[in-house]
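User: Please take a close look at the part of this model around the ligand, and then place it in its wider setting.

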Amino acid sequence: MASETSGITLVGLGNMGAALAHAFLKSGRALTVWNRTSSRPSVAEVIKAGALYEPDFAKAISANTIIVFCVLEYKNIYQGLEPLVTSDILKDKVIVNLTNGTPKDARDADKWLKDRGASSYFDGGIMVTPQNVGTPTSVVLISGEDEELLESSGVKGLLSTIGFPDYKGEDAGIAAGYDIALLSGMFGMFIGSLTALAMIQKQLDRTKKTAGANKAKEITTTGGLTEVVTTYFNPLLTALIPHNELLAAAIDNNDQDNNHGNPMEMMRIAMHNIIRGCEEEGVDAENLRHFAGLADQVVRLHGPDSGLAWVHSLLLK
Ligand code: FVH
């Protein structure tokens, strides 16, 4: 059984893997690392910080009981291990997989690795960017096995060097479910932001064109999109972030008719205006079309004064 001071093998020294390596080294752990591309600058950096780079994948896996994977996708793990599993290379290994994937990916990995000798499998999602690894705001969602083993295997202590280890349950897929849920919120925000920036771009171009045609009304638009984001867009989004809690509470409390001052019919019409406006201005609004369709359904089912939280019930299949 590995202890708090046991050595670790880390597979993957991309942006996140490298941040993990530095956090592990900072905590005083002996670290063996492997990365497909040995010339990646992070490899030299972690060697300089004290890690042992093992170019032979099999030797890197054999070096320690706890193996942490942080690669682009799950199939990279199988690609590396597949040629080796005829040996007992995975026997008694404690696998910690921090690669992004689906709950099914995690459950499949749990079975695949244990069928080939691994003693335990934990699957996690790191909920911060590499720059914030090891800071007080960092959280690692983790699932699989049980909480007692998480602690006794030394994995909890190891994860604590990255961030707060938040154990979500024994099904290996649960942490991945949380991870992709939170990331879907992030990507949803970004596609909304990029649609907004495309529409603003059209307006900035128009402003410049008008100013060019009519010197008397010349307008300088020096700040571009950045100025618009700083002045209007980020303050608007910041003010709206607490509404996520109102939505969650409305769902928790079966209070979806509470519109918090924003009736669904008003928002539904606004969404269709945005789509129409995008079409008129030459901006792709495909991402909003589905949302507006859901808003139409909510008004049909629950009435014009209902609340946005009803959309949640339409998304559950
Ligand atoms: N970066 C972030 O903000 C997020 C935060 C939350 C967690 N994600 C997930 O972490 C996984 C790794 O992400 P990353 O940021 O380290 O990603 P990259 O910098 O692109 O590095 C990718 C590493 O994966 C290796 N790799 C790619 N393909 C293979 C392969 N076929 N066999 C072996 N290794 C492979 C790659 O190696 P190389 O290109 O240097 O040879 C890097 O080590 C990821 O799941 C995120 O979603 C990060």
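Analyst: Of the 21 residues around the ligand, Met-16, Asn-35, Thr-37, Arg-40 and Asn-100 come nearest; a residue counts as near if one of its heavy atoms lies within 4 Å of the molecule. This is a predicted model, in which local features need pLDDT of at least 70 and side-chain atom pairs pLDDT 80 or more, while totals for chains, interfaces and linings use all residues. Residues are numbered from 1 along each chain as its sequence is written, and side-chain values use heavy atoms, with hydrogens and water left out.

Three polar contacts (pairs of N or O atoms within 3.5 Å) can be described. A ligand oxygen atom is 2.9 Å from a polar backbone atom of Asn-15, and a ligand oxygen atom is 2.8 Å from a polar backbone atom of Met-16. With Asn-35 the partner is an N or O atom of the side chain, 2.7 Å from an oxygen atom of the ligand. Taken alone, the ligand exposes 900 Å², and the protein buries 78% of that; these areas come from the Shrake-Rupley method with a 1.4 Å probe.

As for the wider setting, 8 strands form an open sheet of mixed pairing, in the order β3-β2-β1-β4-β5-β6-β7-β8. Strands are DSSP runs (E, at least two residues) numbered from the N terminus, and two of them pair if DSSP finds at least two bridges between them. β3 (52-53) and β8 (164-169) stand at the edges with a single partner strand each, so one side of each is left without a neighbour in the sheet. Strands β6 (residues 120-126) and β7 (residues 139-143) run antiparallel and are joined by 4 bridges. Asp-123 stands opposite Ser-143 in β7.

Technical notes: Polar contact = N/O pair within 3.5 Å; in protein donor to acceptor, adjacent residues only side chain to side chain.
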